[in-house]
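Me: I have a structure open in front of me. Can you show me how to read its features, one at a time?

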Amino acid sequence: MTKLLEDAINKVRELPEAEQDEAAEMLLSVASKQAGPVQLDDETRAAVHEGREQARRGEFVSDQDMAAFFKRHGVKRSGV
């Protein structure tokens, strides 16, 4: 295991359980790129469908809401 990956995993261990699961899903997704397409469960498939419908209707979150989300979660936006 590389030092960077070890540091990242140690940092994720400090997160709440739900955020740990989200990080694990992302890591598993990266690790399974060689395995082919991911099979979506019904709940995820419905959420994707709803998101696409919202986009078709032009229902997007405001820039202010996104900025607040990024700030709340400590995300630093580069190049903006």
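Me: Start with burial. What share of the 80 residues of the protein chain counts as buried?
Reply: This is a predicted model, so keep that in mind as we go. Of its 80 residues, 2% count as buried. The cut-off is under 20% relative accessible area.

Me: And the accessible surface of the chain, how much of it belongs to carbon and sulfur atoms?
Reply: The accessible surface comes to about 7500 Å². Carbon and sulfur atoms hold 55% of that.

Me: Which elements make up the chain, and in what order do they run?
Reply: Count first. There are 4 helices and 0 strands. From the N terminus on, the order is α-α-α-α.

Me: How does the radius of gyration of the chain stand against that of a compact globule of 80 residues?
Reply: A compact globule of 80 residues would come out near 12 Å, but this chain has 16 Å. For the outline, use the box along the principal axes: the C-alpha atoms fill roughly 45 × 35 × 25 Å.

Me: Now empty space. How do I look for it?
Reply: Rolling a probe the size of a water molecule over the atoms shows where empty space is left. Here, the largest pocket has a volume of about 390 Å³.

Me: Which of the lining residues are closest to the centre of the largest pocket?
Reply: The lining has 15 residues, and the closest to the centre are Val12, Glu19, Glu22, Ala23 and Met26. Two elements give two or more residues each: helix H1 (3-12) and helix H2 (17-31). H2 gives the largest share, 7 residues.

Me: How do the lining residues divide into nonpolar, polar and charged?
Reply: The split is 10 nonpolar, 2 polar and 3 charged.

Me: Take one residue of H1. Is Ile9 exposed, buried or partly exposed?
Reply: Ile9 is found in helix H1. Its relative accessibility is 26%, so Ile9 counts as partly exposed. Now compare sequence with space. Ile9 and Gln20 are 11 residues apart along the chain, and their C-alpha atoms are separated by 9.4 Å.

Me: What does the same reading give for Asp65 and Pro16?
Reply: Asp65 lies in helix H4 (residues 63-72). Along the chain, Asp65 and Pro16 are 49 residues apart; their C-alpha atoms are separated by 23 Å. Asp65 has 46% relative accessibility and therefore counts as partly exposed.

Me: Last, aromatic rings. How is a pair described?
Reply: A pair of aromatic rings is described by the distance of the centres and the angle of the planes. This structure holds 1 aromatic pair. Phe69 and Phe70 have ring centres 6.0 Å apart and planes at 65°, so the pair is edge-to-face. The cut-off for that class is over 60 degrees.

Me: Is Phe69 buried, exposed or partly exposed?
Reply: Phe69 counts as partly exposed, because its relative accessibility is 36%.

Terms used:
Residues are numbered from 1 along each chain as its sequence is written. This is a predicted model: local features need pLDDT of at least 70, side-chain atom pairs count only at pLDDT 80 or more; totals for chains, interfaces and linings use all residues. Side-chain values use heavy atoms; hydrogens and water are left out. Rings of Phe, Tyr and Trp (its six-membered ring) pair if their centres lie within 6.5 Å; planes under 30 degrees apart count as stacked, over 60 as edge-to-face and the rest as tilted. Buried means under 20% relative accessible area, exposed over 50%, partly exposed in between (1.4 Å probe, protein chains only). On a 1 Å grid over the protein atoms alone, a cavity is a set of points where a 1.4 Å probe fits but cannot get out, and a pocket is an open set with protein on both sides within 12 Å along at least five of seven lines; lining residues have an atom within 4 Å of a point. Grid points are joined across faces, edges and corners, and a volume is the space filled by probe spheres set on the points. Ala, Val, Leu, Ile, Met, Phe, Trp, Tyr, Cys and Pro count as nonpolar, Asp, Glu, Lys and Arg as charged, and the others, Gly among them, as polar. The radius of gyration is taken over C-alpha atoms; the globule rule is 2.2 Å times the number of residues to the power 0.38. Accessible areas come from the Shrake-Rupley method with a 1.4 Å probe; for residues, only the protein chains shown count as cover.
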